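Thanks, everyone. Please have a look at the chain on the screen, and then I will take you through the contacts one by one.

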Amino acid sequence: MGSVSVEDIDVDFLALIYDIIKCVERENTESAQSKRSEFQESSQKIQEFHRKLDVTRDQIRKLPGIDYSKEDQIKKLEALRKQLVLKKKLLQKYKDMCALEGVKQYLNPSNAN
């Protein structure tokens, strides 16, 4: 099962819904013969909407992490936040060590390599 990103999912249904509404409105104002063709057109638009909805559902099911429960997602988020805090602390410690080395070399240039 291939992975899908959120950006890959087309959730723009508004144009299809608008087309369906236009078809239904035309059905109510047209003659009997044109109503038949408008009915076919609205049925086609509704089927197109259902197909797009099914594709979107399938894509959503392929999103990474979608199978995690809310509790699992919260636990994962907390673990990632703890990792971030730890990595920030380590990075700051490393920066401080580098700054200290620079100060030592500046104060005592005779020991420079």
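One term before we start. A salt bridge here is a side-chain nitrogen of Lys or Arg within 4 Å of a carboxyl oxygen of Asp or Glu. Also keep in mind that this is a predicted model.

Now take Lys45 and Asp19. Their side chains meet in a salt bridge, at 3.7 Å from N to O. That value falls within the 4 Å cut-off. Where do the two partners lie? Lys45 is in helix H2 and Asp19 is in helix H1, so the pair ties together parts that are 26 residues apart in sequence. There is also a network here: salt bridges link Asp19, Lys22 and Lys45.

Let me step back to the whole chain. It has three helices and zero strands. Along the sequence, the pattern reads α-α-α. The chain has 113 residues, and buried residues make up 13% of them. The accessible surface comes to about 9800 Å². Carbon and sulfur atoms account for 57% of that surface. Next, contacts. Take those between residues at least 6 apart in sequence: 72% of them join residues at least 24 apart.

Back to charges. How many salt bridges does the structure hold? Six. Two more of them deserve a look.

The first is on helix H2. Asp58 and Arg61 meet through their side chains in a salt bridge, 3.0 Å from N to O. Both residues lie in helix H2, three residues apart, which is about one turn of the helix. Is Asp58 buried, partly exposed or exposed? Its relative accessible area is 41%, so Asp58 is partly exposed.

The second is on helix H3, which covers residues 70-107. Arg81 forms a salt bridge with Glu78, and the closest N and O atoms are 3.3 Å apart. Again the spacing is three residues, about one turn of the helix. Arg81 is partly exposed at 45% relative accessible area. Glu78 counts as partly exposed too, at 36%.

Now the aromatics. A pair of aromatic rings is described by the distance of the centres and the angle of the planes. A search of the whole structure finds one aromatic pair. Which residues form it? Phe13 and Phe49. The geometry is edge-to-face: 5.7 Å centre to centre, with 75 degrees between the planes. Phe13 lies in the segment before helix H1 (14-29), and Phe49 lies in helix H2 (residues 32-61), so this pair ties together parts that are 36 residues apart in sequence.

What about burial for these two rings? Phe13 has 14% relative accessibility, so Phe13 counts as buried. Phe49 is buried as well, with a relative accessible area of 18%. The cut-off for buried is under 20%.

Phe13 has another neighbour. Lys52 lies over the face of Phe13, at 5.5 Å from the ring centre.

Last topic, cysteines. A disulfide is a covalent bond between the sulfur atoms of two cysteines. How many disulfides does a search of the whole structure find? Zero. Two cysteines are still worth pointing out. Cys23 counts as buried, at 1% relative accessibility. Cys98 counts as partly exposed, at 39%.

To recap the links between parts of the chain. Lys45 and Asp19 join helix H2 to helix H1 through a salt bridge. Phe13 and Phe49 join the segment before helix H1 to helix H2 through an aromatic pair. That is my tour.

How values were computed:
Residues are numbered from 1 along each chain as its sequence is written. This is a predicted model: local features need pLDDT of at least 70, side-chain atom pairs count only at pLDDT 80 or more; totals for chains, interfaces and linings use all residues. Side-chain values use heavy atoms; hydrogens and water are left out. Rings of Phe, Tyr and Trp (its six-membered ring) pair if their centres lie within 6.5 Å; planes under 30 degrees apart count as stacked, over 60 as edge-to-face and the rest as tilted. Helices (H or I, at least four residues) and strands (E, at least two) are DSSP runs, numbered from the N terminus. Buried means under 20% relative accessible area, exposed over 50%, partly exposed in between (1.4 Å probe, protein chains only). A charge sits over a ring if NZ of Lys or CZ of Arg is within 6 Å of the ring centre and within 35 degrees of the ring normal. Contact means heavy atoms within 4.5 Å. Accessible areas come from the Shrake-Rupley method with a 1.4 Å probe; for residues, only the protein chains shown count as cover. A disulfide is a pair of cysteine sulfur atoms within 2.5 Å.
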